Amino acid sequence: MDRSRSHVPDSELWRRASEHDGLAFGELFERHSTAVYNHCFRRTASWSRAEDLTSVVFLEAWRRRSKVRLHGGSILPWLLAVANNVLRNSNRSLRRYRRLIQAVPASATQPDLAEQVSSKLDDERAMATVLAEIHMLTAREQEVIALCDWSGLSTEEAAVAMGVPVGTVKSRLSRAHEHLRARLSVPSHESQRVSPVEEAP
């Protein structure tokens, strides 16, 4: 059976990965790397930095695979929590892991990035404009918008990622929306799902 196309739950794949099953971990990467990449991009407005940070997140996940036990059906909230930690310490984290990233064998089917550069640069400019406003919010408000509005986590999943009660997530999200509406002067219903750029390929 082709495991990459299976419907094995994240929790089972993570259990197998904790027992040194590289194929199981590879499927988790295939399932969630784009979501992690988009999360990192939307926090940095740099696709190349987001790619580096995504590699760091999954290297950290692999390093901790025998120590972390999932709570819930999806590993994504935990991965985004790792991503937030990596983002907060990005310079140190990137220096720490760059040598490890370079040691990982390259895929035999790398995409031709030349055709994607122009659109990605447009995305960076658009994201930088949005972040100029988002960065005027508090760090906690930025985090909850990134998790709930941009990465599409439920308030329950965001609570897991942030390590806070669900009620705290809801109140932070409400305040963040209110502050963002005030800055952008847009109607309430138009600011509930901020989505400035298309999903990355």
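User: What makes α7 and α8 oblique to each other?

Analyst: First, keep in mind that this is a predicted model. The axes of helix α7 (residues 139-150) and helix α8 (residues 155-162) cross at roughly 130°. Angles over 145 degrees count as roughly antiparallel, and 65 to 115 as roughly perpendicular. An angle of roughly 130° fits neither of those ranges nor the roughly parallel one under 35 degrees, and α7 and α8 are therefore called oblique. Their axes come within 10 Å.

User: Which way does α7 pass α8, and which residues make the contact?

Analyst: The crossing is right-handed. On the α7 side you'll find R140, E143, V144, L147 and C148, and on the α8 side A158, A161 and M162. Sort the residues of this contact by type and you get six nonpolar, two charged and no polar.

User: And what makes α1 and α2 oblique to each other?

Analyst: Same kind of check. Helix α1 (residues 10-18) and helix α2 (residues 22-44) pack at an angle of about 140°. Roughly antiparallel would take an angle over 145 degrees, and roughly perpendicular one of 65 to 115, so about 140° lands α1 and α2 in the oblique class. Their axes are 8 Å apart, and α1 passes α2 in a left-handed crossing.

User: Which residues of α1 and α2 meet?

Analyst: D10, L13, W14, R16 and A17 come from α1, while α2 brings A24, F25, E27, L28, R31 and H32. That contact divides into six nonpolar, four charged and one polar.

User: How do you know that the span of α4 agrees with its 13 residues?

Analyst: Take helix α4 (residues 76-88) at 1.5 Å a residue: its 13 residues should span 18 Å. The C-alpha atoms at its ends are 18 Å apart, so the two values agree.

User: Why is α4 called mostly covered?

Analyst: Count the buried residues, where buried means under 20% relative accessible area. Eleven of the 13 residues in α4 meet that cut-off, hence "mostly covered". Among them are L76, P77, W78, L79 and L80, and N84 is on the buried list too. For the protein chain, 42% of its 201 residues count as buried.

User: How many helices and strands are there in the protein chain?

Analyst: Nine helices and zero strands, so along the sequence the pattern reads α-α-α-α-α-α-α-α-α.

User: What share of contacts between residues at least 6 apart in sequence join residues at least 24 apart?

Analyst: In the protein chain, that share is 65%.

Conventions
Residues numbered from 1 in each chain as written. Predicted model: local features only at pLDDT ≥ 70, side-chain atom pairs only at ≥ 80, totals over all residues. Heavy atoms only, no water. Axes fitted to C-alpha atoms, helices over the stretch in contact; angles between N-to-C directions. Helix = DSSP H or I, 4+ residues; strand = E, 2+ residues; numbered from the N terminus. Left-handed = near helix turned anticlockwise from the far one by under 90°. Contact = heavy atoms within 4.5 Å. Nonpolar A, V, L, I, M, F, W, Y, C, P; charged D, E, K, R; others polar. Expected span 1.5 Å × (residues − 1). Buried < 20%, exposed > 50% of the residue type's maximum accessible area, 1.4 Å probe, protein only.
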